[in-house]
Amino acid sequence: MNGLEQVKAALSAALERAGIAAQAAFSPGWVRSYSQPVVAVGLRQGESRGGALSSYLGQRTDPDTQLCQEVYGMRLELTLSLDIYCPPGEGAARCDNVLEGLHQVMLEGLPAGLRPSELKWEETVWDEDTAMFLRRGSLSCTAFFTAAASEDGLWLTDFILKGVVTR
């Protein structure tokens, strides 16, 4: 999974843990299957900072093999879309409740590798395409990734979002 997909998946998982339905944005017809508020997580803009070889972080010991590995870092500057969709029966005000939940997640529910800097939102409007209320939002954040060099030091393993547990 590439860096951007890891960030969107981690953010969606954090929202789901807080009881907020989340879905990757732009999947055809996805919004019509929801009878409750849902947040569409996507990308508004992004920028990669620091190439792997110029972002040497140091060494660590692999707990499984006890071999020493060189560790490199990468940083992405992102503005993610967090668009809140609410069915007509829930009313436009329900978008405000979901927005409050988003604020809580940004304050205390993100992995260590995601550092939020700004959450912006627009007024709630009626969206003709989805027949739902819509409040567009954006989250500006920095995502930090790490990767370890292979045993022979010739290539890097996949970059993993810092603070996300993998097995």
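Reader: In this predicted model, is Asp83 buried or exposed, and how should I read such a label?

Author: The label depends on relative accessible area, and buried means under 20%. Asp83 has a relative accessibility of 5%, so this residue counts as buried.

Reader: Which residue forms a salt bridge with Asp83, and how far apart are the closest N and O atoms?

Author: A salt bridge is read from the separation of a side-chain nitrogen and a carboxyl oxygen, which must lie within 4 Å. Here the partner of Asp83 is Arg136, and the closest N and O atoms are 3.3 Å apart. Because Asp83 belongs to strand β4 (residues 68-86) while Arg136 sits in the loop between β7 (132-135) and β8 (137-148), the pair ties together parts that are 53 residues apart in sequence. Arg136 itself is partly exposed, with a relative accessible area of 34%.

Reader: Which residues are linked with Asp83 in a network of salt bridges?

Author: Arg44 and Arg136 are linked with Asp83 in that network.

Reader: How many salt bridges does the rule give for this model?

Author: The count comes to seven salt bridges. One of them joins Arg75 to Glu77, with the closest N and O atoms 3.1 Å apart; Arg75 is partly exposed at 31% relative accessibility, and Glu77 is also partly exposed, at 24%.

Reader: Where does Glu90 fit in, and which side chain does Glu90 meet?

Author: The side chain of Glu90 meets that of Arg94 in a salt bridge, at 3.1 Å from N to O. Glu90 is partly exposed, with a relative accessible area of 34%, and Arg94 is partly exposed as well, with 31%.

Methods:
Residues numbered from 1 in each chain as written. Predicted model: local features only at pLDDT ≥ 70, side-chain atom pairs only at ≥ 80, totals over all residues. Heavy atoms only, no water. Buried < 20%, exposed > 50% of the residue type's maximum accessible area, 1.4 Å probe, protein only. Helix = DSSP H or I, 4+ residues; strand = E, 2+ residues; numbered from the N terminus.
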